[in-house]
Every structure is written in structure tokens, then in C-alpha cells.
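Here are a few exercises to work through with the model open beside you. Try each task before reading its solution.

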Amino acid sequence: MKTPPLRMIAWELTRRCNLSCIHCRALAADEIDPNELTHEEAIELLNKVKDFASPVIILTGGEPMMREDIYEIAEYGTSLGFRMVMAPNGTLITPESVKKMKKAGIKRVSISIDGPDSNSHDKFRGVKGAFDAAMRGISYLKEGGLPFQINTTITKFNIDQIDKILALAISLGAVAHHIFLLVPTGRGMEIKDQSISAQQYEETLLWFYKQRQRYPIDFKATCAPHYQRIIRQYGKGSSTKTGGELARETRGCLAGIGFCFVSSTGVVQPCGYLEINCGNIREKPLEEIWRDSSVFNDLRDYDKLKGKCGICEYRKVCGGCRARAYTMLGDYLAEEPFCTYQPYALNS
């Protein structure tokens, strides 16, 4: 099987964080992990990536701004030709840090907003004042002319407020709104009962799809690969805004296919939520892990998908959430646990 190009890396620079989010994948805390990649190892990783790929690199965490060399790492990645973006929580952003981001070549910043007001967002983020601090950080990004997007993790806590969160994102001037459907890993295991139902997933994704026809910003659903099916079921194939609704769409689950995750200690996973150690960059180059990992190669073979995912006519564009299958069913090739769609093969 031909190895696909690596198009995007989510790089967890640190697990340190100043918040205590109820859904946190990283189980982040306000302390430095002594096994965290050093500055020299971080630079070496970027050099090794340059040898075989030119991906977008998402600098994330924890809270990536708590890593002291964040701007040096970002600037070096920019010098190698990578598109460098950052995913902070917004609370630590100042006018000075925005200037540093721009100097380092950061092209976009994503800020997670999980409620339309301080009461709802702060409960989700576990720290009083998080909403106001994030709004202040966003105002500094706007003043500094640095594009930003809003990310929202949807659960039972906020599903009835998603329209208000979208309205807030638009009013703030976000260039995009990305929704994330909960994968119960890390601290998120403690609120797995707050996952919305399969029917609510379907309804939410259809609602989200319809919004892209109404507003001039980008919309993307993450950890919700069945969104790609919905686009194809309900889309007309063309749009005056996008020049074709599918023009910029990719496959649903990209884990191990065009995307990988690198942890703060060098562990490589198909994505941040699919917690399977596929190798460590301290022991072998990322290129080798990306090419040879048996897990990655399983994920690239759509014929290995099981259950209704394995016979679904949309499996090549959707694929089901492999992390959710692994977390909830113990098998990363099992069918997507939260999908209501019945493949044609089941009805024939």
C-alpha cells in the first residue's frame, strides 16, 4: 500500500495548562513533565519532518503558551516552510504575545469557546473568569490582525446553546467555526454520560451543514466523520461561496491517513484521542513511524473496517471515528458507535 502524504500534525508541546477543562484529553495540570521534549528535540523533530513532508503543524497542549520556547519553535517551523498555527485557550494572550505570534509566522489561532457566556463556558473550563479572559485574548488577536477561529466541543452541557455560540463566533469576527464531538478519553471519561446521542449527532451535523449556506465563514466538524456523508447526501455539489461544496472537503476521519499526533514526550498516535502508542520519535524518525506503523496501515485499509462501517458506501469519505470506536468498543476498526445511517447493503 502506498504511504499517503502527511498533511497535518497536532503537536502537544506541553501538558501544562492554567485551566481544568472537564473534557480534557491530556489530563493537563499546572506542572512541567520532566520527560517533555527538550528544545533541541523539538527542533530536531521539525528538521526530520522537513525531510519527507510539508504539513500544517498545530501547536497545541495543554496550553502551548505555557511552553517558554513556543515562539522560537514556531519561528523555526515557519523558516522551514511549514504553515504554523496555534491552539491556546485564549486566556494568556496579550498584545505583546500577539506581536510575538505574528513575528514567529503563526498563520491562525484557534480559541475554544464552549458556552456563549461566562456562566456556561467557565463551568466547562473549570476556572472562573476563563470566558472573560478568552474574550479579552480574542480582542487582542483582532487588534493585531491575526486570524482566529472558534472551536466548540459539543456535549449535553451545551447542545442547546450551539446556535448562540455560532452567533458569538460570527459577531467576534472569527474566520471559522469548528465543532468537536466528544470522544471520552482522558478527563472526558468522567463525563462520558454527557455525550449526545447518535440521533442528536445526526441532527446537530445536519444543522451545522445548513449554517454553512447562511454565513460567510468556514465550517468544519472534527471527530464527526459522518459529516462528510451528510455533505454528500444533502449537498448540491456547487456553491457560489466556495466554488463547489466539496472543493475543500477531505475525508472524515484522518487519523493515520493524512494526520498524526505527537505527544509532549514524543509518542506518536494516529490522533490525540486514539491513544495507541505507534512509536516514539526519540527512538525512530517520524517518517519511519508514519510509513511502517501497523496501526497506521490498518487505518489506511478501508476494507478492514468492521460492522456497518465495513459495508457502508460512504466508508472512503467518512470512515467512522476510529478513536470513538476504540474508546467505547475496544477496537479501532469497529463501527462508529454514534451513527444512525444504515448502509444500502443492509437493506438489500
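**Exercise 1.** Find how many aromatic pairs this predicted model holds, then classify the pair formed by F208 and Y227.

*Solution.* A search of the whole structure gives seven aromatic pairs. For F208 and Y227, the centres are 5.8 Å apart and the planes meet at 55°. Planes under 30 degrees apart would count as stacked and over 60 as edge-to-face, so this pair is tilted. Next, place the rings: F208 belongs to helix α7 and Y227 to helix α8, so the pair ties together parts 19 residues apart in sequence. Finally, check the cover: F208 has 0% relative accessibility and counts as buried, and Y227, at 1%, is buried too.

**Exercise 2.** Do the same for Y314 and Y341.

*Solution.* Start with the geometry: 5.6 Å centre to centre and 75° between the planes, an edge-to-face pair. Then locate the partners: Y314 sits in the loop between α11 and α12, while Y341 sits in the loop between α12 and α13, 27 residues apart. Both Y314 and Y341 are buried.

**Exercise 3.** Which residues do ring pairs link into a cluster?

*Solution.* Follow the ring pairs and you collect W207, F208, F219 and Y227.

**Exercise 4.** Look at helix α12 and list what its buried residues pack against.

*Solution.* First pick out the buried residues of α12 (residues 322-329): R322, A323, R324 and A325. Their packing partners are strand β6 and helices α7, α8, α10 and α11. Just after α12, note G330, with a positive phi of about 80°.

Technical notes
Residues are numbered from 1 along each chain as its sequence is written. This is a predicted model: local features need pLDDT of at least 70, side-chain atom pairs count only at pLDDT 80 or more; totals for chains, interfaces and linings use all residues. Side-chain values use heavy atoms; hydrogens and water are left out. Buried means under 20% relative accessible area, exposed over 50%, partly exposed in between (1.4 Å probe, protein chains only). Helices (H or I, at least four residues) and strands (E, at least two) are DSSP runs, numbered from the N terminus. Contact means heavy atoms within 4.5 Å. Rings of Phe, Tyr and Trp (its six-membered ring) pair if their centres lie within 6.5 Å; planes under 30 degrees apart count as stacked, over 60 as edge-to-face and the rest as tilted.
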